Amino acid sequence: MSFLDYDFMQRALIAAVLTGLAAPAVGTYLVQRRLALMGDGLGHVALTGVAVGLLTGWAPVWTSVAVAVLGALAIDVVRAKGRASADVALAMLFYGGIAGGVLITGLAGSTAATLNTYLFGSITTVSADDLWVVAVLAVVVIALAVGLAPQLFAVCQDEEFARVSGLPVRLYSMLIAVMAAVTVTVAMRTVGLLLVSALMVVPVATSQQLTRSFRTTFGLALALGVVPSVAGVVFSYYVDVAPGASIVVASLVGFVLAWPVGSLLRRRRAAAVNGEDPRVTGAHVPAEQHPHQHDPACGHPAVEHGDHTDYLHDGHLHAAHGRHYDEH
Amino acid sequence: MRAAVVDVRGLRVDLDDRPVLHGVDLKVVEGEVVTLLGANGSGKSTLVRTTVGLVPAAAGEVRLFGTPLKSFRDWWRIGYVPQRTTAAAGVPATVREVVAAGRLARRSLFRPARKADREAVDHAIELVGLADQAGRSVANLSGGQQQRVLIARAAASEPDLLVLDEPNAGVDHRSQEAFARALRTFVASGRTVLLVLHDMGPLAPLVDRGVVLDSGRVVHDGPLPTPSMTLTGPPDHHDDHREDYGAGLFG
């Protein structure tokens with residue numbers, strides 16, 4: 001019998017696909033803004049929301065959305081004020097979230113095992129109702145991340161420039177925070193609140209090893225979010241571990257595999273940049289092996305450079321120096 | 001008489017409760033190239049940042065194209081180049097993607113870029129001489145090239161006023177010249193430029209008027225001061241911007 005024959009596995013896999021798309025979609029903007037750890041903090045805060053649900057008997061999905069969104073708005077306000085003590089304020093909010101969550105869960109009479117299913121995910125606990133909420137929220141988050149991409153890109157790339165472009169930067173900033181909060185709740189059942197941030201950040205970090213444009217980084221990150229999410233859930237079916245752990249480990253394996261490729265690409269690009277540096281630094285950089293002499297007839301475009309003539313060769317400039325050529 | 005593009009009157013600005021500008025007046029009319037000069041901490045950067053609405057004024061008035069800053073909405077008319085050492089952020093982005101962000105002031109929500117938008121972006125990239133680099137990641141460009149990307153981004157909305165905050169800081173000579181060429185093209189079409197400079201470099205022949213600030217007050221406003229006047233004293237230090245290449249996450 002295949003795992004696909006079980007209703008709970010079907011639901012868990014659908015939730016995994018949606019989470020695998022939504023988390024890196026928001027995560028790309030968070031990483032671009034250098035707020036990679038924001039998802040982590042929101043996961044902590046959402047735990048208090050889950051506990052409120054356990055205590056009151058309301059659906060934890062809704063209470064955690066509500067509390068995480070409030071937390072996200074609080075974080076955004078503190079960030080916008082830009083005070084020196086902002087990081088301390090945020091740290092206290094995060095610790096408060098975890099401590100409040102554990103405390104209220106205890107008051108509600110729930111066990112640590114219940115709490116664990118929210119912290120690290122659990123493939124058997126995605127109810128049909130949960131799945132509907134998760135699906136609607138995930139689709140909204142993904143649609144906003146794609147539909148508002150030009151605006152969100154501008155705000156995350158350079159906030160001040162975006163403001164002088166007339167964009168409502170505060171509004172977009174809050175929107176990103178709220179999208180992150182909603183994603184935390186979407187991801188709660190599969191990857192769990194403590195590890196959700198990994199699924200926002202690791203696929204993006206892996207993706208940018210291989211890419212040079214925002215668009216491809218974004219697209220590849222979504223693919224790199226879905227694959228480990230699905231693989232992790234399937235792994236948890238066969239081996240009884242929390243899916244959060246297997247998803248994040250699978251995601252990290254992807255990063256470790258991409259890293260050598262990325263460093264090779266970077267070395268190549270760095271070499272291309274270094275070919276240009278001598279113009280700035282005036283350093284003496286002899287060109288690599290040279291099969292012919294540059295002259296007006298060699299076919300390489302000649303470029304006047306101060307008191308001498310350079311020849312454009314494969315994207316860099318060669319200048320005659322004694323019996324070899326320098327990179328200019 | 002030509003219309004005032006920037007009109008600042010009696011501007012007072014406090015940063016962290018410390019007064020930075022005390023009653024500054026600044027007027028830039030259509031087609032003029034005006035440069036703000038002064039030592040570090042003289043308030044020249046604060047003045048342009050307040051002019052484009054990034055820093056609140058404690059007192060006084062700022063008008064852009066005759067409209068008070070509070071009710072100004074035609075942001076596409078302003079091309080702003082913030083003081084930056086890198087055009088890169090935490091995720092890779094190509095030259096074209098960064099420059100296209102400058103076109104947003106002209107675009108509406110949820111609509112794809114039109115042909116005119118794409119052409120304006122191409123044109124802005126050509127203006128700064130980076131056409132052959134358009135598909136490269138900005139993080140892999142030299143500091144000077146990244147600065148030119150920021151200038152192209154400001155030009156992409158086809159603005160009537162360019163506001164540049166130290167566009168030459170830590171920029172190699174070749175990029176300074178490319179920038180001077182771009183500025184010459186821009187000014188030739190009758191548009192206006194307000195820029196903050198640390199030293200004039202190859203831009204000197206382009207500038208109509210210099211405004212020198214000292215400790216938050218205007219101490220000179222008129223034809224360019226002689227080189228000895230451009231700073232209120234000998235330079236106290238030089239910023240080293242060579243290490244400022246933006247590296248993405250993990251390098």
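Buried here means under 20% relative accessible area, exposed means over 50%, and partly exposed lies in between. The views below all show a predicted model.

**View 1. A salt bridge joins B:Arg96 to B:Asp122.** The closest N and O atoms of B:Arg96 and B:Asp122 are 2.0 Å apart. Because B:Arg96 belongs to helix α2 (residues 95-100) of chain B and B:Asp122 to helix α3 (residues 115-127) of that chain, the pair ties together parts that are 26 residues apart in sequence. B:Arg96 is partly exposed, its relative accessible area being 32%, and B:Asp122 also counts as partly exposed, with a relative accessibility of 31%. Over all chains, a search of the whole structure finds 21 salt bridges.

**View 2. B:Glu158 and B:Arg103 form a salt bridge.** In this pair, the closest N and O atoms are separated by 2.8 Å. B:Glu158 sits in the loop between α4 (143-155) and β7 (161-165) of chain B, whereas B:Arg103 sits in the loop between α2 and α3 of chain B, so the contact ties together parts that are 55 residues apart in sequence. B:Arg103 has a relative accessible area of 4% and is therefore buried, the limit being under 20%. Its partner B:Glu158, at 39% relative accessibility, counts as partly exposed.

**View 3. B:Arg209 pairs with B:Asp221 in a salt bridge.** The closest N and O atoms of B:Arg209 and B:Asp221 lie 2.6 Å apart. This contact links distant parts of the chain, with B:Arg209 in strand β9 (residues 209-214) of chain B and B:Asp221 in strand β10 (residues 217-222) of chain B, 12 residues apart. B:Arg209 is buried, with a relative accessible area of 13%, while B:Asp221 counts as partly exposed at 42% relative accessibility. Elsewhere, A:Asp158, A:Glu160, B:Arg49, B:Arg84 and B:Arg153 are joined into one network by salt bridges that share partners.

**View 4. The second largest cavity is lined by residues of chain A and chain B.** The structure holds two cavities of 30 Å³ or more, and the second largest of them contains about 40 Å³ of space. From chain A, the lining takes A:Phe161, A:Val164 and A:Ser165; from chain B, the lining residues include B:Trp75, B:Ile78, B:Gly79, B:Tyr80, B:Gly102 and B:Ala105, as well as B:Arg153, B:Ala154 and B:Ser157. Two or more of these residues come from each of α8 (159-164) of chain A and β6 (78-81) and α4 of chain B. The most is given by β6(B), which supplies three residues. By residue class, the lining of the second largest cavity divides into seven nonpolar, four polar and one charged. B:Arg153, listed in this lining, also takes part in the salt-bridge network of View 3.

**View 5. Strand β3 (residues 33-37) of chain B is mostly covered.** Five of the five residues of this strand are buried. Both faces of β3(B) are covered, since B:Val33, B:Thr35 and B:Leu37 on one side, and B:Val34 and B:Leu36 on the other, are all buried. β3(B) pairs with strand β8 (residues 192-196) of chain B in the parallel sense over four bridges, and within that pairing B:Leu36 stands opposite B:Val196 in β8(B). Four bridges also join β3(B) to β9(B), the two strands running parallel, with B:Leu37 opposite B:Val212 in β9(B). The strand β9 of this pairing is the one that holds B:Arg209 of View 3.

**View 6. Four strands of chain B form an open sheet.** The strand order is β2-β1-β4-β5 (chain B), and the pairing is antiparallel. β2 (18-29) and β5 (67-68) of chain B stand at the edges with a single partner strand each, so one side of each is left without a neighbour in the sheet. Strand β1 (residues 4-15) of chain B is joined to strand β4 (residues 59-64) of chain B by five bridges, and these strands run antiparallel. Opposite B:Arg9 stands B:Glu61 in β4(B).

**View 7. Residues 51-78 and 90-111 of chain A are among the spans that UniProt lists as "transmembrane region".** The record is an unreviewed entry, and its listing for chain A also includes residues 12-31, 131-155, 218-239 and 245-265. In the model, the end C-alpha atoms of residues 51-78 of chain A lie 25 Å apart, and this span is 89% helix and 0% strand. For residues 90-111 of chain A, the end C-alpha atoms lie 28 Å apart, and the span is 82% helix and 0% strand.

Technical notes: Residues numbered from 1 in each chain as written. Chains lettered and ligands numbered in written order. Predicted model: local features only at pLDDT ≥ 70, side-chain atom pairs only at ≥ 80, totals over all residues. Heavy atoms only, no water. Salt bridge = Lys/Arg side-chain N within 4 Å of Asp/Glu carboxyl O. Buried < 20%, exposed > 50% of the residue type's maximum accessible area, 1.4 Å probe, protein only. 1 Å grid on protein atoms, 1.4 Å probe; cavity = no way out; pocket = protein on both sides within 12 Å on 5 of 7 lines; lining within 4 Å. Points joined across faces, edges and corners; volume = space filled by probe spheres on them. Nonpolar A, V, L, I, M, F, W, Y, C, P; charged D, E, K, R; others polar. UniProt positions renumbered as here; feature names shortened; annotations may be inferred. Pairing = 2+ DSSP bridges.
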